[in-house]
Structure formats: structure tokens, C-alpha cells
Amino acid sequence: MNNWTTAVSTDLYALIQKPRLGLIVDIDGTLSHIAATPQDAEVTERNRRLLGKLQQHLDVVAAVTGRAAADAQQMVGVPGVLYIGNHGMERLKNGQVDILPEVRRFRPRIDEVMGKLRAMHLPGVHIEDKYVSLSVHYRNAEDPEA
């Protein structure tokens, strides 16, 4: 290692000794591999083990995702992780899901749009209701570009 690398390593080591450092990580494509469908994605055991170890040294370890926070917790399965779901619109910590109050009022519109999309019967398209948001997965559609 050169002097610059040594200095950076020393600085990083000093930084992780302070009680203000956290890790915020995405799930799909980071903790898990990208999969054909959301249900097929799996967090690796190695990543679960590493998150558990990091919690011993960091003030916060959080998993952020477009999935619902409860689904993220079930998928990752590491106790003590802060789960941020629906791209920040909800969080799950210590068994409680907190949803941003300003997004609840959009639920009737989500139901309306979801009904219209399901009525279209789009082969290969998966419509996922995440309560505060709606995802349309078209990767497996007959013509994803359309």
C-alpha cells in the first residue's frame, strides 16, 4: 500500500470507531440478485450474515427497497435492521410499520388504477399491490417494449 492508501485506510478505520456511522443498502440487485419476478429474488445467506455482523459495529443498518417494508423484512430476515419500504414512504422497525401520513390519501386512486390494469388482462404482466404504491412488473410480458 502506498502512503495515500494507508492514510485512507487509517481514516476509514478511525471513522468506523465513531458511533455515528450506518449502512443503508438496497435489496434487489444488491443483497439479492436480479430475478425474473420479485418473488424469485432471494437474499443470500452470506449477505444476511454480513448484515448481522455489521450491526455489531454500526449505529444503524437499513435496507431500502421499492418493496413493502414488511416484505423486505421477510425477505432479508435479519433482526434489528431498519426496513425502509416503498421507496421511503414507509418504514418498519421493531415490528411496527409507519406510513407517511400524506400518502394514505392516495389509496382510493391506487385501487382505481389497479382495477383498470387488472381488467386489461396483460399476459406476463404482474401487478403488485404494496398498499401505498402499485408496481407493474412487465419484464415477462409477451412484448415488454410495448
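These numbered points comment on a predicted model, taking the pocket, the salt bridges, the core and two backbone angles in turn.

1. The largest pocket. This pocket holds about 380 Å³ of space. Its lining consists of 20 residues, and those nearest the centre are Asp-28, Pro-38, Arg-67, His-137 and Arg-139. Two strands, β6 (126-129) and β7 (134-137), each contribute at least two residues to the lining. By residue class, the lining has nine polar, six charged and five nonpolar members.

2. A salt bridge at the pocket. Asp-28 and Arg-67, both among the lining residues nearest the pocket centre, form a salt bridge in which the closest N and O atoms are 2.8 Å apart. The two residues are 39 positions apart and the pair links distant parts of the chain: Asp-28 belongs to the loop between β1 (22-26) and α2 (45-55), and Arg-67 to the loop between β2 (60-64) and α3 (69-76). The partners differ in burial. Arg-67 counts as buried because its relative accessible area is 11%, under the 20% limit. Asp-28, at 26%, is partly exposed.

3. Salt bridges in total. The search of the whole structure gives six salt bridges. As background, side chains of opposite charge can pair when their charged atoms come close. Besides the pair at the pocket, the points to look at are a pair in helix α2, a pair in helix α5 and a network of three residues.

4. The pair in α2. Glu-45 and Arg-48 meet through their side chains in a salt bridge, with 2.9 Å from N to O. They are three residues apart in helix α2, so about one helical turn separates them. Glu-45 is exposed, at 53% relative accessibility, whereas Arg-48 is partly exposed, at 22%.

5. The pair in α5. Which residue does Lys-116 pair with in a salt bridge? The partner is Glu-112, and the closest N and O atoms are 3.4 Å apart. Both residues sit in helix α5 (residues 107-119), with four residues, or about one turn of the helix, between their positions. Lys-116 is exposed, with a relative accessible area of 52%; Glu-112 is partly exposed, at 38%.

6. The network. Arg-107, Asp-111 and Asp-129 are joined by salt bridges into a network. Asp-129 falls within β6 (126-129), while Arg-107 and Asp-111 fall within helix α5 (residues 107-119).

7. The largest nonpolar core. This core has 18 residues, and the members that touch the most others are Ile-27, Leu-31, Leu-51, Val-76 and Tyr-83. Two elements, β2 and α3, give two or more residues to this core. The greatest contribution is from α3, with four residues. In soluble globular proteins, nonpolar side chains tend to be buried together.

8. Leu-31 in the core. Leaving aside residues up to four places away in sequence, Leu-31 touches Val-25, Asp-26, Glu-42, Val-43, Thr-44, Asn-47, Leu-51 and Val-76. Two of these contacts, Leu-51 and Val-76, are also named with Leu-31 among the core members that touch the most others.

9. Ala-62 in strand β2. Ala-62 has its place in strand β2. Is this residue buried or exposed? Ala-62 is buried, because its relative accessible area is 4%. Its contacts, not counting residues up to four places away in sequence, are Leu-23, Ile-24, Val-25, Val-81 and Leu-82. For Leu-23, the C-alpha to C-alpha distance from Ala-62 is 6.2 Å, although 39 residues separate the two in sequence.

10. Positive phi at Asn-86. Most residues other than glycine have a negative phi. Asn-86 has a phi near 50°, a positive value in a residue that is not glycine. Its place is the loop between β3 (82-85) and β4 (90-93). Asn-86 counts as buried, with 0% relative accessibility.

11. Positive phi at His-121. His-121 is not a glycine either, and its phi is positive, at about 50°. This residue lies in the loop between α5 and β6. How exposed is His-121 in terms of relative accessible area, and what value does it have? His-121 is exposed, with a value of 64%, whereas Asn-86 is buried.

Conventions. Residues numbered from 1 in each chain as written. Predicted model: local features only at pLDDT ≥ 70, side-chain atom pairs only at ≥ 80, totals over all residues. Heavy atoms only, no water. 1 Å grid on protein atoms, 1.4 Å probe; cavity = no way out; pocket = protein on both sides within 12 Å on 5 of 7 lines; lining within 4 Å. Points joined across faces, edges and corners; volume = space filled by probe spheres on them. Nonpolar A, V, L, I, M, F, W, Y, C, P; charged D, E, K, R; others polar. Salt bridge = Lys/Arg side-chain N within 4 Å of Asp/Glu carboxyl O. Buried < 20%, exposed > 50% of the residue type's maximum accessible area, 1.4 Å probe, protein only. Core = buried A, V, L, I, M, F, W, Y, C linked by side-chain atoms within 4.5 Å. Contact = heavy atoms within 4.5 Å.
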